[in-house]
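Work through the exercises below on charged side-chain pairs. Each task is followed by its solution in steps.

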Amino acid sequence: MTKMTLASYPHMLGFEQLERLLERTAKSGNEGYPPFNIEQTSDLSYRITLAVAGFAEDDLSITVEDRQLVIRGRQHDDGEGRVYLHRGIAARQFQRSFVLADGVDVGEAIIENGLLHVDLSRAKPQTVVKTINIKKG
């Protein structure tokens with residue numbers, strides 16, 4: 001069986017990078033923690049909300065790396081000196097990655113009531129019409 005790629009279509013020029021992005025996203029292997037929502041807040045803006053109960057502001061980091069929004073959380077285990085009869089709340093760490101399209105910018109991040117909100121915005125696309133002059137060879 002032959003693998004179909006975007007390069008298999010001669011009229012799809014310059015989309016090789018999109019294909020690599022799709023493969024990278026498929027391999028990211030994000031498990032289900034922490035749960036998150038993605039909502040469209042307007043025609044040109046989005047909001048990612050992660051459930052980060054138990055994480056302080058200093059336990060979280062948000063970076064943009066090579067067109068990927070990466071949200072990391074690392075809790076510090078403060079259980080020293082404590083005797084637990086049952087410990088169902090573990091100090092856990094996570095990393096969530098979201099691939100960003102060209103023109104998507106990360107805005108502000110707000111943490112409230114155990115939810116981390118990250119706002120994204122996209123610039124309004126401009127219609128470009130360009131005339132190419134033909135030269136004699």
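**Salt bridges in the predicted model**

The count of salt bridges comes to three, a salt bridge being a side-chain nitrogen of Lys or Arg within 4 Å of a carboxyl oxygen of Asp or Glu. The model is predicted, so local features need pLDDT of at least 70 and side-chain atom pairs count only at pLDDT 80 or more, while totals for chains, interfaces and linings use all residues. Residues are numbered from 1 along each chain as its sequence is written, and side-chain values use heavy atoms, with hydrogens and water left out.

**Exercise 1.** Find the salt-bridge partner of R47 and place both residues in the chain.

Step 1. R47 pairs with D119, with 2.7 Å between the closest N and O atoms.
Step 2. R47 belongs to strand β2 (residues 45–51) and D119 to strand β7 (residues 115–122), so the salt bridge ties together parts 72 residues apart in sequence. Strands (E, at least two residues) are DSSP runs, numbered from the N terminus.
Step 3. D119 is buried, at 18% relative accessibility. Buried means under 20% relative accessible area, exposed over 50%, and partly exposed in between (1.4 Å probe, protein chains only).

**Exercise 2.** State the N to O distance between D102 and R67, then locate the two residues.

Step 1. The distance in this salt bridge is 3.4 Å.
Step 2. D102 sits in the loop between β5 (93–99) and β6 (104–112), and R67 in the loop between β3 (60–65) and β4 (68–74); the two are 35 residues apart.
Step 3. D102 is exposed at 61% relative accessible area, whereas R67 is partly exposed at 24%.

Definitions and conventions
Helices (H or I, at least four residues) and strands (E, at least two) are DSSP runs, numbered from the N terminus.
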